[in-house]
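This report goes through one structure by region. The sequence and the structure come first, and the commentary follows.

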There are 2 protein chains.
Amino acid sequence: MPSYPLLMDSPPRSRPPATLASLAAEIGVSRTTVSNAYNRPDQLSPQLRARVMEAAARLGYPGPDPVARSLRTRKAGAVGLLLTEQLSYAFRDPAALAFLEGLTLECDTARVGLLLVPARPGSDDVSGVASAAVDGFVAYSMPDDDPHLHAVLSRRLPAVICDQPALRGTDLVGIDDAAAAREIAEHLVQLGHRRIGVVCMRLGRARRDGPVDLARQQQAHYHVQRHRLAGLRAGFVAAGVAWDRVPVVEQFDHSLEAGARGAAAVLAMDPGITALVATSDVLAMGAMQELARRRQRVPEDVSVTGFDGVRAALDLELTTVVQPSLEKGRQAGRLLLDPGRTARGRRVVLPTALTPGRTTAPPRI
Amino acid sequence: MPSYPLLMDSPPRSRPPATLASLAAEIGVSRTTVSNAYNRPDQLSPQLRARVMEAAARLGYPGPDPVARSLRTRKAGAVGLLLTEQLSYAFRDPAALAFLEGLTLECDTARVGLLLVPARPGSDDVSGVASAAVDGFVAYSMPDDDPHLHAVLSRRLPAVICDQPALRGTDLVGIDDAAAAREIAEHLVQLGHRRIGVVCMRLGRARRDGPVDLARQQQAHYHVQRHRLAGLRAGFVAAGVAWDRVPVVEQFDHSLEAGARGAAAVLAMDPGITALVATSDVLAMGAMQELARRRQRVPEDVSVTGFDGVRAALDLELTTVVQPSLEKGRQAGRLLLDPGRTARGRRVVLPTALTPGRTTAPPRI
DNA sequence: TTGTAGGCGTTATCAA
DNA sequence: TTGATAACGCCTACAA
């Protein structure tokens with residue numbers, strides 16, 4: 001990597017950087033006047049203001065320091081976004097991206113920045129949360145035992161939790177995961193499926209891949225997954241399926257590859273399933289790749305369902321539940337940025353729609 | 001939207017929020033001691049520290065205020081990212097996403113947050129830049145006349161510019177756009193193409209769609225586009241192509257639809273082209289959709305090329321130039337966060353690779 | 001229209 | 001090991 005220390009054209013670096021006070025002294029006016037020149041131009045004669053600005057340019061004064069201003073006004077002009085994953089990871093999940101897009105939309109109109117706060121799942125270092133200069137937080141899909149989340153809550157700032165977990169005293173945005181999952185179960189039951197398998201996303205902070213027993217399903221720290229599994233179980237049990245015989249496989253990673261691995265694990269546990277339920281579209285699409293490798297046709301040999309309704313899944317005509325991910329982001333932003341924000345504990349539950357595609361059909365024979 | 005003002009379980013709101021000073025007074029120690037309890041635990045007897053923390057919990061003191069700390073230490077613990085588009089837009093561009101991913105990777109390891117600073121193309125309101133509490137900025141693909149960019153430069157903070165524009169005194173990360181574009185031209189020339197059309201991205205801040213004359217090509221405020229067009233021109237002119245006969249169509253939006261419209265416009269200007277060059281993969285993929293609608297086969301009837309090497313394009317086996325978008329983000333982050341940062345005006349030029357796919361072939365006849 | 005002065009909450013420095 | 005003091009740079013009543 002070439003590195004040319006080129007000619008500096010930055011202004012005289014000798015003098016200490018100009019401040020509002022030094023600028024005021026320079027032109028022989030008060031600090032108030034300089035402050036007003038920036039924040040209340042109408043409180044000033046145009047000539048005086050021009051003089052101030054001219055001097056500012058001359059001395060290289062970049063305008064009032066945002067940090068000092070924040071300290072004084074008690075406003076940061078930014079909101080923090082807490083993501084469960086290493087930041088770079090979130091950008092790989094289409095549903096998370098849609099959420100982010102919705103949130104930024106609201107931040108744009110409210111004229112506030114969005115601070116991405118890293119929250120590595122393995123790390124208990126919450127300094128990123130503690131040191132974030134923000135007016136509030138949005139927590140996106142965090143497990144209920146995540147220290148970063150609790151660090152957010154202890155900051156005593158406005159907070160909106162999206163998807164999970166359900167905590168008293170903060171605003172919530174989400175969907176009815178259990179009901180939506182149950183619809184999937186009923187759809188498959190109605191088609192005639194009784195022998196199924198499930199691939200779900202991570203249920204806790206620790207890396208773990210493989211079969212999940214009922215206890216772990218019910219104790220999952222990711223409420224979304226817990227509720228989706230509960231919904232599936234309710235739907236299938238109602239149709240007489242013995243849930244303890246249903247292979248449920250957890251995948252820590254959220255990727256096509258993980259979906260493929262999950263499908264393989266499920267098939268190893270019961271090669272005779274007629275339907276494979278995934279708790280996300282990404283996992284479902286990965287599962288379909290695995291089935292293709294095994295020359296199993298979808299839906300003739302095995303039906304497959306997803307969850308989320310991401311673009312790629314809809315293009316594939318995957319049977320899935322469509323949820324308004326972008327709208328979730330918007331609602332989270334609105335709740336947080338709502339100027340008349342007084343009541344806490346508001347809940348926004350967004351609608352979902354079971355969307356049958358071409359990946360589900362009656363079981364063979 | 002249901003909205004339940006539920007039971008507040010927030011602690012006593014009567015008292016004014018605790019501060020380091022009030023906490024110190026409460027337990028009868030100095031502020032220094034409390035500060036040390038948080039920042040230099042080893043400078044304290046364990047018992048005293050325990051007493052401090054206990055009192056903090058009791059009074060609901062959330063720890064040192066990040067803004068006040070920033071003011072004192074002159075460190076914000078965050079970097080700002082300036083994007084040319086409404087934030088929500090950037091999340092639709094795979095190359096921008098890859099860049100973002102690379103940048104966040106570096107921010108993660110450096111333990112700093114990333115502040116997304118909105119910079120609407122139409123707006124001249126640079127208050128978002130002026131009020132960003134950050135230690136430095138990364139400007140991603142901004143036009144050279146953008147007021148937000150100049151606001152960044154006048155903040156006198158470390159700044160790294162990615163892709164464009166080339167400005168003395170700041171660090172730069174990019175690729176050799178002209179050379180890469182010229183390779184595309186030479187590839188097509190070698191195949192035998194002499195009658196071509198071009199769809200390019202926006203060349204200025206104002207919305208504009210349609211044919212672009214040479215003057216506008218050479219005055220484009222987006223350096224990347226300017227250099228790519230210059231590279232194409234150089235390559236084709238060298239082969240005897242009369243550039244002023246080549247239809248070049250600008251598209252303000254960056255989407256598949258825009259690519260389709262651009263292709264349509266080019267074909268309207270010269271239905272006899274044998275190759276269509278797009279200055280981004282997204283535009284190229286949109287153009288292919290338009291060609292498909294017209295029952296023009298690629299590459300039999302028309303060859304198509306892109307630029308960027310995004311995943312979807314490579315899956316389609318589009319002939320394109322692959323550039324290391326994620327690596328650009330990393331390099332930008334490194335340059336900015338480099339602790340030994342003294343020299344300005346460093347330049348990092350990353351390699352590109354012309355990657356022939358299945359969308360280019362010799363012209364028919 | 002302009003100026004005075006106090007304080008926002010913290011940390012660095014130096015002394016005890 | 002602990003404490004006193006002085007900034008950090010700004011905003012905003014209030015007064016002139």
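## DNA strand D

The model is predicted. In it, R31(B) has a polar side-chain atom 3.4 Å from a base nitrogen of DNA strand D. Two residues of chain A have side-chain contacts with the backbone of this strand. For Y61(A), a side-chain N or O atom is 2.6 Å from a phosphate oxygen of DNA strand D; for S35(A), the corresponding distance to a phosphate oxygen is 3.0 Å.

In total, 28 residues surround DNA strand D, and the closest are L20(A), Y61(A), R72(A), T32(B) and T33(B). Of the atoms of DNA strand D that come within 4 Å of the protein, 60% belong to sugar and phosphate. Four helices each supply at least two residues of the surface near this strand: α2 (31–39) and α4 (66–73) of chain A, and α2 (31–39) and α4 (66–73) of chain B. The most comes from α4(A), which gives 5 residues. By class, the surface near DNA strand D divides into 9 nonpolar, 11 polar and 8 charged residues.

## DNA strand C

Around DNA strand C there are 28 residues, of which T32(A), T33(A), R72(A), L20(B) and Y61(B) come nearest. Sugar and phosphate make up 57% of the atoms of DNA strand C that come within 4 Å of the protein.

Which atoms of DNA strand C do the side chains of R31(A), T33(A) and R72(A) approach? For T33(A), a polar side-chain atom lies 2.4 Å from a phosphate oxygen. The side chain of R31(A) has an N or O atom 2.8 Å from a base nitrogen of DNA strand C. A polar side-chain atom of R72(A) also lies by a base nitrogen of the strand, at 2.5 Å. The elements that give two or more residues to the surface near DNA strand C are α2 and α4 of chain A together with α2 and α4 of chain B. Here α4(B) gives the most, with 5 residues. The surface near DNA strand C has 9 nonpolar, 11 polar and 8 charged residues.

## Five-stranded sheet of chain A

Chain A has an open sheet of 5 strands in the order β7-β8-β6-β9-β10, with mixed pairing. Which strands stand at the edges? They are β7 (210–211) and β10 (303–305) of chain A; each has a single partner strand, so one side of each is left without a neighbour in the sheet.

Strand β6 (residues 196–201) of chain A and strand β8 (residues 248–251) of chain A run parallel and are joined by 4 bridges. V199(A) stands opposite V249(A) in β8(A). The loop between β8 and α12 (256–269) of chain A contains D253(A). The side chains of D253(A) and R207(A) are joined by a polar contact of 3.1 Å. Is D253(A) buried or exposed? Its relative accessible area is 15%, and D253(A) counts as buried because that value is under the 20% limit.

## Strands β5 and β12 of chain A

Strand β5 (residues 171–175) of chain A runs parallel to β12(A), and 4 bridges join the two. Within this pair, V173(A) stands opposite V348(A) in β12(A).

Strand β12 (residues 347–350) of chain A has two unlike faces: V348(A) and L350(A) form the covered face, while R347(A) and V349(A) form the uncovered one. In a regular strand, side chains alternate between the two faces of the sheet.

## Aromatic rings

Over all chains, the structure holds 6 aromatic pairs. One of them is the stacked pair of F236(A) and W243(A), at 6.5 Å centre to centre with 20° between the planes. The pair counts as stacked because its planes are under 30 degrees apart. F236(A) is buried, with a relative accessible area of 0%. W243(A) is buried too, with a relative accessible area of 6%.

Arginine side chains also lie over aromatic rings. In chain A, the charged end of R228(A) sits over the ring of F307(A), 3.6 Å from its centre. In chain B, R228(B) lies over the face of F307(B), 3.7 Å from the ring centre.

Technical notes. Residues are numbered from 1 along each chain as its sequence is written. Chains are lettered from A and ligands numbered from 1 in the order in which they are written. This is a predicted model: local features need pLDDT of at least 70, side-chain atom pairs count only at pLDDT 80 or more; totals for chains, interfaces and linings use all residues. Side-chain values use heavy atoms; hydrogens and water are left out. Rings of Phe, Tyr and Trp (its six-membered ring) pair if their centres lie within 6.5 Å; planes under 30 degrees apart count as stacked, over 60 as edge-to-face and the rest as tilted. Buried means under 20% relative accessible area, exposed over 50%, partly exposed in between (1.4 Å probe, protein chains only). A charge sits over a ring if NZ of Lys or CZ of Arg is within 6 Å of the ring centre and within 35 degrees of the ring normal. A residue is near a molecule or strand if one of its heavy atoms lies within 4 Å of it. A polar contact is a pair of N or O atoms within 3.5 Å; within protein, one must be able to donate a hydrogen and the other to accept it, and residues adjacent in sequence count only if both atoms are side-chain atoms. Ala, Val, Leu, Ile, Met, Phe, Trp, Tyr, Cys and Pro count as nonpolar, Asp, Glu, Lys and Arg as charged, and the others, Gly among them, as polar. Two strands pair if DSSP finds at least two bridges between them.
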